[in-house]
Amino acid sequence: MSDAPDPGIEHTLTGDIRTHHGFHSRYLEHDRTVIVYLPPGYDLESAERYPVFYLHDGQNVFDRATSIGEEWHVDEEAQSLILAGEIAPLIVVGIYNTGVHRIDEYTPTAGADGGGHADDYGRMLVEELKPFIDSTYKTLPSAASTAVGGSSLGGLLTMYLGIRYPMAFGRLALLSPSVWWDDRAILRLVDALPQKLPMRIWLDAGTAEGERVVADARALRDALVAKGWVVGEDLAYLEEPGGEHNEQSWAARIDTVLKFLFPPT
């Protein structure tokens with residue numbers, strides 16, 4: 001997947017958007033674009049600081065011109081919900097993938113299709129990108145104020161990063177996560193947790209994604225509940241009627257994700 005927008009599609013960016021091209025990591029082979037949404041009223045002179053939501057597959061987060069067919073409309077939804085007082089003002093960071101390396105970077109273990117380098121991606125995010133964002137923008141840097149999220153393999157990666165870096169991330173968004181990867185290895189990692197982690201988790205799947213995807217989502221929900229998360233409190237679980245495995249379906253419920261992870265204070 002290229003970082004370059006499709007010249008035939010109009011940009012759909014809403015609000016104060018900043019773009020950082022060529023973000024370099026010593027842990028990953030390729031540089032990538034990072035795109036940042038700032039909330040209404042963001043002012044360098046103000047003392048106010050904001051929670052941060054990191055999202056994988058950043059091409060699809062804000063802009064139809066760079067997405068696969070459809071965007072998630074996170075900028076429009078965040079802008080509307082913040083102005084309405086329905087969520088806390090926040091900063092959203094979209095991390096572009098690098099196309100052919102996506103599977104490699106988004107999977108914690110090696111499977112039939114390769115992969116297994118989520119640790120390298122995690123080091124990029126925690127040791128390099130997060131410090132860059134925290135030093136460049138007015139963030140609340142604590143784990144309690146920092147979320148990470150993604151869909152499909154990005155959802156798998158998010159669950160793994162939550163397990164690997166509870167000191168960095170206190171809120172997770174798992175949209176249609178690829179629990180199936182490597183014979184459901186992520187379930188074994190959750191089962192191996194010595195105790196519940198201090199984090200708030202959104203987990204979902206669409207009913208039109210197939211019985212296997214829904215069954216996998218239920219299995220992950222049950223594994224989390226077994227560790228102490230409580231559905232309706234610090235764990236939100238949704239089976240979206242008719243939801244498919246695509247950007248349009250994930251966009252349709254991103255407002256609910258934002259409301260759960262970033263309630264107004």
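The sheet comes first: eight strands form an open sheet, and their order is E1-E2-E4-E3-E5-E6-E7-E8. The pairing in this sheet is mixed. Before I go on, please keep in mind that this is a predicted model. The edge strands are E1 and E8, and each of them pairs on one side only. On average, neighbouring strands of the sheet are turned by 15° against each other, with direction ignored.

As background, strands of a sheet pair through backbone hydrogen bonds, and the pairing is either parallel or antiparallel. We have examples of both here.

Start at the E1 end. Strand E1 covers residues 16-23, and six bridges join E1 to E2. The two run antiparallel. If you want one pair to find on the screen, look for Phe 23, which stands opposite Arg 32 in E2. On to the next neighbour: E2 is joined to strand E4, residues 91-95, by four bridges, and this pair is antiparallel too. Here the pair to find is Tyr 37, which stands opposite Val 92 in E4.

How many of the residues of E2 are buried? Seven of the seven residues in this strand, 32-38, are buried. That takes in both faces. On one side sit Arg 32, Val 34, Val 36 and Leu 38, and on the other Thr 33, Ile 35 and Tyr 37.

Tyr 37 also has a contact with a helix residue, Gln 79. Gln 79 belongs to helix H2, residues 74-83. Apart from residues up to four places away in sequence, Gln 79 touches Thr 14, Gly 15, Tyr 37 and Pro 40. Is Gln 79 buried or exposed? Gln 79 counts as buried because its relative accessible area is 18%, and the cut-off for buried is under 20%.

Now the E8 end of the sheet. E7 and E8 pair in the parallel sense, over six bridges. One pair to look for is Trp 202 and its bridge partner in E8, Ala 236. Helix H9, residues 254-261, packs on the sheet and touches strands E3, E6, E7 and E8. The direction of H9 makes about 160° with that of E7.

Another helix to look at is H7, residues 211-226. H7 has 16 residues and reaches 22 Å from its first C-alpha to its last, close to the 22 Å expected at 1.5 Å a residue. The buried residues of H7 include Val 214, Ala 217, Leu 220 and Leu 224. Which elements do the buried residues of H7 pack against? They pack against helices H5 and H6 and strands E6, E7 and E8. After H7 comes Gly 228, with a positive phi, near 120°.

Next, the cores. The largest nonpolar core has 53 residues, and Tyr 54, Leu 125, Met 159 and Phe 169 touch the most other members. A second, separate core has 28 residues, among them Ile 17, Val 61, Leu 81 and Ile 82. Going back to Met 159, its contacts beyond four places in sequence include Leu 172, Ile 186, Ile 201, Leu 220 and Leu 224.

Last, a residue at the surface. Pro 241 lies in the loop between E8 and helix H8, residues 247-252. Pro 241 is classed as exposed because its relative accessible area is 63%, and the cut-off for exposed is over 50%. The C-alpha atoms of Pro 241 and Thr 107 are separated by 28 Å, and the two residues are 134 residues apart along the chain.

Note on methods: Residues numbered from 1 in each chain as written. Predicted model: local features only at pLDDT ≥ 70, side-chain atom pairs only at ≥ 80, totals over all residues. Heavy atoms only, no water. Buried < 20%, exposed > 50% of the residue type's maximum accessible area, 1.4 Å probe, protein only. Pairing = 2+ DSSP bridges. Contact = heavy atoms within 4.5 Å. Expected span 1.5 Å × (residues − 1). Core = buried A, V, L, I, M, F, W, Y, C linked by side-chain atoms within 4.5 Å. Axes fitted to C-alpha atoms, helices over the stretch in contact; angles between N-to-C directions.
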